[in-house]
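Okay, thanks everyone for coming. I'll put the structure up and then walk you through a few spots in it.

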Amino acid sequence: HILYYTGLAGSLVNIFFTASTAVLLYRIVRGKLGIIASIVYGLNMYTVLHASSSYMVPIGQFLTLASIYYFEKYLETNLKRETVKSIIYGILATISRYEAWIPIFLMFIIFTLRESFKTKYSTALAYSNLYLWGFAGWLLYNMVIFNNPLQFIHHPSAGASGYYLMVLRKIMFPLEINCLNIASTTLTLAGPVILLTILVIFPILESRKNILPLTIYASPLIFLLAEGPELLIKDHPLYFYFLLPFILTLSFKPLNVFVKYLKKKNMGKALAATYIVVLAILAFQTLYELNKHASVFQEINSTYYDYLEYRKYAETLANYLSQTGGYILYSSLIGSYRFSVVAAISPRIIFDEYDLPLYLNVSKNPWNYNVTIVILPSPTLYWGIRESATALIGEENYMTLFYENSKWRTLFLKHYYKYTSYNNLEIYLRKT
């Protein structure tokens, strides 16, 4: 379907959730600064990229932000119906993005402790445990599909284990924390508006009631500790994009409180100076974003022509597969993960790391599983990813067997022949 192979199906969903997040930012910050926060979010280059993609990040952003927003409403009003809304969004957020786990679990703890002072602890826990249903659902899903509730830890990308282990390591070894890299990553992601976060101390000093909501909004930022070159894509912190609305909340929400305070105290000069500084920062923000948009547009333009070439190659293989039937064997580590979308091929006939542990059996004997097409990395690419491949799926994956086990390679070549090469990929087809 055209909505599938063009990616429009995902883009239409993400455009909706991106717009919803912008509206939610306005409601969180409120007033004119709320409008500005929404505009800054919408014009951010990484927002534009994700809104036009099929990634889950915009969905996870909105659901997590909505859960915190309604929890903040509960803290202000003590109305249980606001908690119900927070829980519903929280459950959905938990199964959408791993970054949502920390704020959702934090709200579970706060709600449990807060309600324990009003009623019995068991009663409070009976209500607050609903926040954990998303976690339970995710474990159950992994159990049903993979027969292992912790299968997600062995995800073929950084995933949960990668992010959380990086963060835990930095907490355990604080001397490894690189504050300059964290500041650089945050600046690249959000722009000069991060300077406004220095005002976050003001609403805390003004009222202790502001401590809890601001702490929850800030909690996802702990993932900045995971900064490192392996989480940058062409020097872009795309893996940290989830954090953008939370950074903007911490930039504009305290500023709104500060501006209202100055108005209340009739401090006209201080208010005028604040406006001048904010306008200057927003001017720099605009120039910064325009520069980023221009540079990334050139990258996207170049990538588009690569995509057209890739699509021709993928469609050739797809046509071959439609005639012969069978399955495809490849690895997500060699960049062929786009094959399904580009060639409009169902993931059901593709074997990759998402099919663990079956994937290992197919890797050892692809000819016994009716595998028609095998996509291998070139020798140069293989030795570049060897460590990652063996760490993720062991040394009995088909790539390692091909390049390091001569007996297996000889047996493999009895069943398959090299059809063509494309960039750093080598395509083998089943002999008929």
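I'll start with the sheet, then go to two loop residues, and finish on the surface.

One thing up front: this is a predicted model, so please keep that in mind as we go.

Right, the sheet. It's an open one with 5 strands, and if you read across it the order goes β2-β1-β3-β5-β4, with mixed pairing. So which strands stand at the edges? Those are β2, residues 350-351, and β4, residues 416-422. Each has a single partner strand, so one side of each is left without a neighbour in the sheet.

Let's zoom in on the β4 edge. Its partner there is β5, residues 425-430; the two run antiparallel and 6 bridges join them. If you want to check the register on your screen, Tyr-417 is opposite Leu-429 of β5, and Tyr-422 has Leu-425 as its bridge partner. The connection is a hairpin, with 2 residues between the strands. Look at Asn-423 in that turn: its phi is positive, about 50 degrees.

Now, the loops. Pro-366 sits in the one between α17 (358-364) and β3 (371-377). Buried or exposed, this proline? Its relative accessible area is 0%, and the cut-off for buried is under 20%, so Pro-366 counts as buried. And what does Pro-366 touch, once you skip residues up to four places away in sequence? The list is Leu-329, Val-371, Trp-408, Phe-412 and Tyr-416. Take Tyr-416 from that list: it's 50 residues from Pro-366 along the chain, with 9.9 Å between the C-alpha atoms.

The other loop residue is Asn-397, between α18 (379-393) and α19 (398-404). Asn-397 is also at 0% relative accessibility, so it counts as buried. What does its side chain reach? The backbone nitrogen of Met-399, at 3.0 Å, and there's a polar atom of that side chain 2.9 Å from the backbone nitrogen of Thr-400. Leaving out neighbours within four places in sequence, Asn-397 is in contact with Ser-363 and Ala-389.

Last stop, the surface. There's a nonpolar patch made of Leu-140, Tyr-141, Met-143, Val-144 and Ile-145, and together they have about 500 Å² of accessible area. Leu-140 is in helix α9, residues 133-146. With a relative accessible area of 54%, Leu-140 is exposed.

That's my tour. Happy to go back to any of these on the screen.

Definitions and conventions: Residues numbered from 1 in each chain as written. Predicted model: local features only at pLDDT ≥ 70, side-chain atom pairs only at ≥ 80, totals over all residues. Heavy atoms only, no water. Pairing = 2+ DSSP bridges. Helix = DSSP H or I, 4+ residues; strand = E, 2+ residues; numbered from the N terminus. Buried < 20%, exposed > 50% of the residue type's maximum accessible area, 1.4 Å probe, protein only. Polar contact = N/O pair within 3.5 Å; in protein donor to acceptor, adjacent residues only side chain to side chain. Contact = heavy atoms within 4.5 Å. Patch = residues over 30% accessible without salt bridge, like charges linked within 9 Å, V, L, I, M, F, W, Y side chains within 5 Å. Areas by Shrake-Rupley, 256 points an atom, 1.4 Å probe, with all protein chains shown as cover. Salt bridge = Lys/Arg side-chain N within 4 Å of Asp/Glu carboxyl O.
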